[in-house]
Amino acid sequence: MSANRVVVVGSINMDLVARTPRMPAPGETILGTTFATTPGGKGANQAIAAARAGADVAFVGAVGDDTFALDLRQALVDAEVDAERLREVSGPSGVAVITVDDDGQNSIVVLPGANSRVLDLTDEELRPVADADVLLCQLEIPVETVTAAARHGSAHDTVVMLNPSPARPLPDELIASVDVLVVNETEEQQLGGDTLARVAHVVTTLGADGARYRGPQGDRVQVGSPDVDAVDTTGAGDAFTGALAFAWDRGPRDALTFACAAGALATTRPGASAASPTRAEIEALLSENT
Ligand code: ADP
């Protein structure tokens with residue numbers, strides 16, 4: 001099968017991750033153990049996951065004019081994601097300041113930076129949306145932009161897939177343009193049944209239990225996730241969603257099975273985008289499980 005064309009209109013952040021023995025109290029200074037900078041943001045993570053899973057991926061978004069911008073662009077390029085339409089705007093790139101303690105608890109401050117400037121998409125930025133098989137969006141950029149991209153995709157017979165994270169009420173115009181919602185159980189509850197009922201295809205991830213699907217005729221499919229030794233579930237949802245975008249045209253059962261294998265493999269490695277598996281790894285796990 002030829003690689004599916006996926007376009008992601010979404011966020012890209014630098015994650016600044018400090019590991020500490022325990023969380024500092026307000027006003028307290030403590031010594032940490034390690035520090036790492038890793039590219040993140042749900043848009044970039046899912047774009048990289050889709051590319052590793054086998055898709056031809058283009059990314060539309062923005063970085064700032066700071067020193068992080070170069071590394072963020074390079075992370076997309078390294079994953080063979082087309083970054084031609086990554087805007088560079090004045091001011092800071094998006095960052096997430098993350099503290100993780102020895103109990104695995106985290107506290108996170110997200111500064112959207114350039115992500116909040118992904119507004120008024122140009123014809124050049126919209127072109128890949130019209131040409132793609134699947135448009136994949138999240139809610140870490142302005143919702144007006146997601147709505148405009150979704151409308152454009154819908155008008156050009158591109159499958160519009162939305163991972164509504166962080167969850168918030170969706171404008172009617174956006175709901176009307178979405179073909180596929182990808183949610184976890186928390187997001188499913190936050191959005192509510194009325195919103196879900198207005199979208200033709202809903203995919204709900206269930207952690208170690210896999211994922212379920214509800215289609216336009218109320219048809220239902222549930223698949224399990226392969227049994228793996230999970231060490232870090234960060235990024236499992238993004239790996240699942242990127243792989244689902246790639247495999248969507250295989251039909252719900254095969255697409256969910258492929259995406260669950262990608263999500264499961266992502267839990268076996270630390271980190272977010274760095275954890276997403278390649279198509280060969282996903283297929284190897286699937287052939288072990290059949
Ligand atoms: P999120 O991280 O967005 O809350 P989930 O926890 O539902 O999403 O995980 C996304 C997908 O990753 C699941 O559908 C599943 O395929 C896979 N996954 C997550 N945790 C595990 C696990 N412990 N074992 C196997 N697969 C897992």
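This tour moves through a predicted model in a series of selections, beginning with one strand and ending at the ligand.

**Strand 11**

Please select residues 201–205, which form strand 11. Buried here means under 20% relative accessible area. By that criterion 5 of the 5 residues of strand 11 are buried, so the strand is largely enclosed by the rest of the structure. Display the side chains next: His201, Val203 and Thr205 point one way, while Val202 and Thr204 point the other way.

**The neighbouring strands**

Now add residues 180–184, which are strand 10. Strand 10 and strand 11 pair in the parallel sense, with 5 bridges between them. To see one of these pairings, select Leu181 together with Val202, its bridge partner in strand 11.

Next, add residues 211–214, which make up strand 12. In which sense does strand 12 pair with strand 11, parallel or antiparallel? The pairing is antiparallel and runs over 4 bridges. Here Val203 of strand 11 may be selected with Tyr213 of strand 12, which stands opposite.

**The turn**

Follow the chain from strand 11 to strand 12: the two strands form a hairpin, and 5 residues lie between them. Within this turn, select Gly207, whose phi is positive, at about 60°.

**The second largest pocket**

Turn now to the second largest pocket, which holds about 610 Å³ of space. Its lining comprises 29 residues, and those closest to the pocket centre are Thr205, Gly207, Thr233, Ala236 and Gly237. Two of these names have appeared already: Thr205 belongs to strand 11, and Gly207 lies in the hairpin turn.

To view the surroundings, colour the elements that each give two or more residues to this lining: helix 1 (42–53), strand 10, helix 6 (185–191), helix 8 (236–247) and helix 9 (252–266). Which element supplies the largest share of the lining? Helix 8 does, with 5 residues. Colouring the lining by class shows 11 nonpolar, 13 polar and 5 charged residues.

**The ligand**

Finally, select the ligand and the 17 residues around it. Those that come nearest are Asn184, Thr205, Gly207, Gly210 and Ser225.

Three contacts may then be inspected in turn:

- Gly207: a backbone N or O atom lies 2.8 Å from an oxygen atom of the ligand.
- Ser225: an N or O atom of the side chain is 2.9 Å from a nitrogen atom of the ligand.
- Cys260: a backbone N or O atom lies 3.4 Å from an oxygen atom of the ligand.

Terms used:
Residues numbered from 1 in each chain as written. Predicted model: local features only at pLDDT ≥ 70, side-chain atom pairs only at ≥ 80, totals over all residues. Heavy atoms only, no water. Buried < 20%, exposed > 50% of the residue type's maximum accessible area, 1.4 Å probe, protein only. Pairing = 2+ DSSP bridges. 1 Å grid on protein atoms, 1.4 Å probe; cavity = no way out; pocket = protein on both sides within 12 Å on 5 of 7 lines; lining within 4 Å. Points joined across faces, edges and corners; volume = space filled by probe spheres on them. Nonpolar A, V, L, I, M, F, W, Y, C, P; charged D, E, K, R; others polar. Near = heavy atom within 4 Å. Polar contact = N/O pair within 3.5 Å; in protein donor to acceptor, adjacent residues only side chain to side chain.
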